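Okay, thanks for making time, everyone. I've got one structure to walk through today, so let me put it up on the screen.

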Amino acid sequence: MAKIHVLVPNQELAIREYTKVPLVNISMTGQEVGLLVEEAKQLTGKEHPVIAFVGHYTMFPDSSYMNEIFHARLFFYTYEDRSRIETIVQKAVTEGTDVIIGGERVLKCMQQYPHIQSLFLRTREDSLRKALHVARRMVYTSQVEKENHAQFLTVLETVYNGVLKVDTEKNVTAANHAAAWILNRTEAAFIGRKLYEVMPQLEESYLERVLSGEREILTTTMLISRESYMISIAPIAYDGGITGAILSIHKIPTGSRKNQDLFEDNLLFGYLSMGDFCKIETKSERMKKCMELARTYALSSAPVIIYGETGTEKEVFAQGIHNNGYQKNSHYLTVNCSGMSEEQQIAVLFGEGAQNKQKKAALEQAAFGTLLIRDIDELCLRCQYRLMRVMRYKVFMKTDIEEIPSIEVRIIATAREELAQKVRDGRFREDLYYLLNAFAIHLPPLRERREDIPGMVQNYFRQYNKKYSKRVSLTKGGMDALCGARWDGNALQLERFCERLVLTAHKRNMDEVCIRELLLELYPKIETHSGIQSVVVYEPPEKEEIEQALAQCRDNRQKTAELLGISTATLWRKMKKYGIE
């Protein structure tokens, strides 16, 4: 049985400060206040005296309308710290009080003011009965809470999933043995720590969206110690608000083959996928949504198509989906359809007509694993039909009429352009399109997420400075020039440009002039007029905009600046930056 101590406020202050014993304060009732008011009236002989009650802030009931009820002017002076009692009594005296009612310490202070009447503040049976009722409720609530906590702990320790409980401040407040085993930590190492210190692999925005109420439940995947896990985050809702969240960590099962043997076999023959989403650092909300979608797709074995321009992170996304899914320890193969003839595509994917009959087709080699088909929009119609049979009916066609049943392989495809137009033009099968496009990811090009460029550039500079034993850095103008370029080749183009810049740098700090010169050298623009091709040097979009504005305003800088919405000083600085005369 829980023990609840019912105490008067003065005792409560000391005990609450030095112990953790549950306490219930005794609060006066309105009737008790009325009895003291009548006693004060008799003491002063006044019909409407000014009466001051001095006590702990928990002592008094609601004082609304008491003046009208008791026909007196009542003032309630409260304190939390007993050291303020003397100051409060002095204030009550100076404000013209006829009677001061308080406890022992108050009456002791009143010895300094013999001209002011005083009464001992005492409670009666009503207050005690009320406090005892509250105490009984507290005992019941405490017992229920202990029982619920015991049930919760029992559930935690009997489930196979790892379970973490976090509060609204993202601190871990509970963890079971399974979570400790999965994360290779002791249970004590979790409690009181931020979730992201315990699980740095988890995207911070995921938990924030659940705690804010934006998402009722969020499911994602991640790699922990080279194993794939499904993470579910659900809010703890109470009394119309969210008081925390529960994270469930569930291991994603792999295929029926022996995982370790298969892993070593993949490593030996180059079938291992090492890419993962943690290698993608982004500040772009669009890119974060793509990563969240890809992590969710990893939970399924359905085909996925990833749209993106040349040089975007399509390959990393494909490897991340494979490594976070059921096929994690199985084969991962890549086939590029671009530049192949129809016969070559059929030979590579299905083995028909292959010169080396001993070599398995790509779909056979990727059995129980993942096959990435790059540029699937270049796939011939014959291959499209056979691939549709593999994806929909799990049958493998070595020829147009020969089928081998029961082939298990996950297809991930990439495309540079939307397949819908090719379907309308009759160049892509409609059934294959619907099989693929239900699980689609559209990666934004780098020019639409320029906020990622500074971080990518810094990473590339660190990497290639270390590789080539250099100490090259960028000026602010140099970084601005990189951020302002188009980067039609996306991350691929940016990385190769940074490597070239570091390798051939002739000075420590590279400014916008160096950047512009190398851009002009490496990426000229080719235009065709009347069948004749001519090379046009690379120009940043901002430079073209300024030149067009100058031409429109007939080189009047004042009017040009007004047209562009900038100052003349800024216009002059940008003209100098881009070498505009």
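I'll go through the sheet, then a helix end, and then the empty spaces. One thing up front: this is a predicted model, so keep that in mind for everything I say.

Let's begin with the sheet. Five strands make up an open sheet, and the order is β13-β14-β17-β12-β18, with parallel pairing. At the edges sit β13, residues 332-336, and β18, residues 440-442, and each of those pairs on one side only. If you ignore direction, neighbouring strands in this sheet are turned against each other by 15° on average.

Zooming in on one pair: β12, residues 304-307, and β17, residues 410-415, run parallel over four bridges. For a landmark there, look for Val-304, which stands opposite Ile-412 in β17.

Now, what lies across β12, β17 and β18? That's helix α11, residues 285-297, and it runs at about 160° to β18. Hang on to α11, please, we'll meet that helix again.

A quick detour to α23, residues 557-564. Asn-556 caps the N-terminal end of this helix, with a side-chain oxygen 3.0 Å from the backbone nitrogen of Gln-558. On the other side, α23 is followed by Gly-565, which has a positive phi, near 75°.

Okay, empty space. The largest pocket comes out at about 530 Å³. There are 19 lining residues, and the ones closest to the centre are Lys-279, Glu-313, Tyr-460, Ala-491 and Glu-495. Which helix gives the most to that lining? It's α18, with four residues. Helices α12 (314-323), α18 (453-467) and α20 (490-504) each put in at least two residues. For those of you thinking about chemistry, the lining splits into seven nonpolar, five polar and seven charged residues.

Then the cavities. The count is two, taking those of 30 Å³ or more. The second largest cavity holds about 30 Å³ of space. Its lining is Glu-203, Tyr-206, Lys-288, Met-291 and Arg-295. And here's α11 again: that helix gives the most to this lining, with three residues. By class, you get two nonpolar, no polar and three charged residues around the second largest cavity.

So, to tie it up: α11 lies across three strands of the sheet, β12, β17 and β18, and α11 also gives the most to the lining of the second largest cavity. That's my tour, happy to rotate the view if anybody wants another look.

How values were computed: Residues numbered from 1 in each chain as written. Predicted model: local features only at pLDDT ≥ 70, side-chain atom pairs only at ≥ 80, totals over all residues. Heavy atoms only, no water. 1 Å grid on protein atoms, 1.4 Å probe; cavity = no way out; pocket = protein on both sides within 12 Å on 5 of 7 lines; lining within 4 Å. Points joined across faces, edges and corners; volume = space filled by probe spheres on them. Nonpolar A, V, L, I, M, F, W, Y, C, P; charged D, E, K, R; others polar. Pairing = 2+ DSSP bridges. Axes fitted to C-alpha atoms, helices over the stretch in contact; angles between N-to-C directions. Contact = heavy atoms within 4.5 Å. Polar contact = N/O pair within 3.5 Å; in protein donor to acceptor, adjacent residues only side chain to side chain.
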